[in-house]
Amino acid sequence: MNLATLTACATCRLALTEHPDGHGTIYRHPVTEGRHAVVPVDADQVNDVFDRCHTCAGAPPVWNYHTSLIQIAVLAAVETYNDQWHVCCRCAQFIEADDSEGLTAHCAARMQWLPHHHEYAVLRALHRGIILGRESRTLLSTTDWPPARLTADMLPKIRDRFTGLLRGPTHLPPHLNDPDHRRALADQLDLAPMYWINQEFTDMVNEVGNDQPPAAVTDDLAATPAGLLAWPEPVGDTRQLAAVSWTPHADGWQLIGYRSIGGTALDDDLMPALRHEIGWLVPIHAEHVTRGTKLDGRHPLGHLVTTWLLIRQQLAEAVPAKLPKATTRAYQRHRRPAPEVRIVRIAPRSTTTVPHRGKAGEGSTRAKPDHRYWVSGHDRQQPYGPGRSLRRTIEIAPFLKGDEGLPIKLSTTVRALGSRGDDRTRSTDQ
């Protein structure tokens, strides 16, 4: 399930609010119903979608507040307002502090409305209704955050912030909001190993990811039964996917993809609260994948499978990350096992080569490819038993074919891989 799909009205280009009704989803215009019928479409199909805070209209929304029905009498007419409010971090601070006067003053200042204006009085009544009538707060997964630069030494704190969010009172998108499921997911992630993909290997994943053929997700393919894997920068065509977690279920795994929140997302005074309440990751895709399900490079989480395939092909090696002493001491104080973080990087190139031999030991005249390319998964008859006289079918996962160091041939880009690269783990963006 894609949790980050934003829906807009094709007529007015406003981002819409969603209202489950038991049989589906009803879409409404923000704040109040518009003068035309809603025409819901995927926001990607509309230019210049207006997706801003419903109270101040000045910043991207972070939270969705669900309120009771609000009606205000204005000049003998009754105006009915939406019961879903997309709110930015600044306005959420006023709401959480029950400060309706501060919220009104902040929003009216943006509109240049003075306290004696009629509009100011309506705004004051509306904001008081939101604060007094709020029933729940849900994290929005559709906000287009500037990405963070993730590093290996950040992963323990990143994981702890997300598991804290799972155990906290904040509502998450419906597919992740069941309390029992949230607690179980947090408990599994607390014990899961963490993997940071270094920049050179991330470049390789981006090079070949989109063209990766379908590959079956199996116990052998997944690096570990559970885990959290992060790239230093988002991967894929849309450059949204920053990390993926996988946790085991009876017949497969729960896969969750995340976007990251960069340090330039908010004003400096708002960032500490956001890091404390949310952290660095926002879930944007959740899916239950059964064993044997085939995912290709165009799947929303396909770049995780690409990473697993390249690791399985022994094109990468994992080395323990050196974590800050403050991190390990914090875990010791709370009687928790030391966090396990591994840096995944391209494996050293082999220093020996085995020449291809033809018949009678002569050198082969078959031309060698001058590039690397994907070979699709296929079945192979494997000999076994007495004298290797028996045959059994085994499945060969997709793999990159070609000598190490050759450029990778793709449908869009060809770029040669560099030498072993940057394994630095210092934090550059928080």
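A contact here means that heavy atoms lie within 4.5 Å of each other. In this predicted model, residues 24 or more positions apart make up 71% of the contacts in the chain with a separation of 6 or more. The chain has 430 residues, and 45% of them count as buried. Its secondary structure comes to nine helices and 22 strands. The accessible surface adds up to about 22,200 Å², with carbon and sulfur atoms taking 50% of that.

Next come the charged pairs. Side chains of opposite charge can pair when their charged atoms come close. The structure holds 17 salt bridges. One of them brings the side chains of Asp267 and Arg90 together, at 3.0 Å from N to O. This pair links distant parts of the chain, with Asp267 in the loop between S14 and helix H7 (271–277) and Arg90 in helix H1 (residues 89–96), 177 residues apart. Asp267 itself is partly exposed, its relative accessible area being 47%.

Helix H7 turns up again in another pair. Arg137 and Glu277 meet through their side chains in a salt bridge of 3.8 Å, N to O. Arg137 sits in strand S9 (residues 134–139) and Glu277 in helix H7, so the bridge ties together parts that are 140 residues apart in sequence. The two ends differ in cover: Arg137 counts as buried at 14% relative accessibility, while Glu277 is partly exposed at 32%.

A further salt bridge joins the side chains of Arg342 and Glu340, at 3.5 Å from N to O. Here Arg342 is partly exposed, with a relative accessible area of 28%, and Glu340 is partly exposed too, with 41%. Elsewhere, salt bridges that share partners join Asp160, Arg167, Asp187, Asp190 and Arg336 into one network.

Then there is Arg259, a charged residue without such a partner. Arg259 belongs to strand S14 (residues 252–260). It is buried yet has no salt bridge, and the nearest side chain of opposite charge, that of Asp144, is 4.2 Å away. That misses the cut-off, because a salt bridge needs the nitrogen and the carboxyl oxygen within 4 Å. What the side chain of Arg259 does reach is backbone: a polar atom of this side chain lies 3.0 Å from the backbone oxygen of Ser141, and the backbone oxygen of Thr143 is also reached at 3.0 Å. Leaving aside residues up to four places away in sequence, Arg259 touches a set of residues that includes Ala4, Thr142, Trp145, Gln240, Trp280 and Ile284.

The cysteines tell a plainer story, as the structure holds zero disulfides. For Cys89, the closest cysteine sulfur is in Cys88, and the 7.0 Å between the two sulfurs is too far for a bond. Cys91 also has its closest cysteine sulfur in Cys88, at 3.7 Å, and this too is too far for a bond, because a disulfide needs the sulfur atoms within 2.5 Å. Both residues are under cover: Cys89 counts as buried at 10% relative accessibility, and Cys91 is buried with a relative accessible area of 0%.

Cys91 is also one of the residues touched by Thr55. Thr55 is found in the loop between strand S4 (40–42) and strand S5 (63–67). Although it is in a loop, Thr55 counts as buried, at 6% relative accessibility. Beyond four places in sequence, its contacts are Val87, Cys91, Leu103, Cys107, His127 and Ile130.

Terms used:
Residues are numbered from 1 along each chain as its sequence is written. This is a predicted model: local features need pLDDT of at least 70, side-chain atom pairs count only at pLDDT 80 or more; totals for chains, interfaces and linings use all residues. Side-chain values use heavy atoms; hydrogens and water are left out. Helices (H or I, at least four residues) and strands (E, at least two) are DSSP runs, numbered from the N terminus. Buried means under 20% relative accessible area, exposed over 50%, partly exposed in between (1.4 Å probe, protein chains only). Lys and Arg count as positive and Asp and Glu as negative; His and the chain ends are not counted. A polar contact is a pair of N or O atoms within 3.5 Å; within protein, one must be able to donate a hydrogen and the other to accept it, and residues adjacent in sequence count only if both atoms are side-chain atoms. Accessible areas come from the Shrake-Rupley method with a 1.4 Å probe; for residues, only the protein chains shown count as cover.
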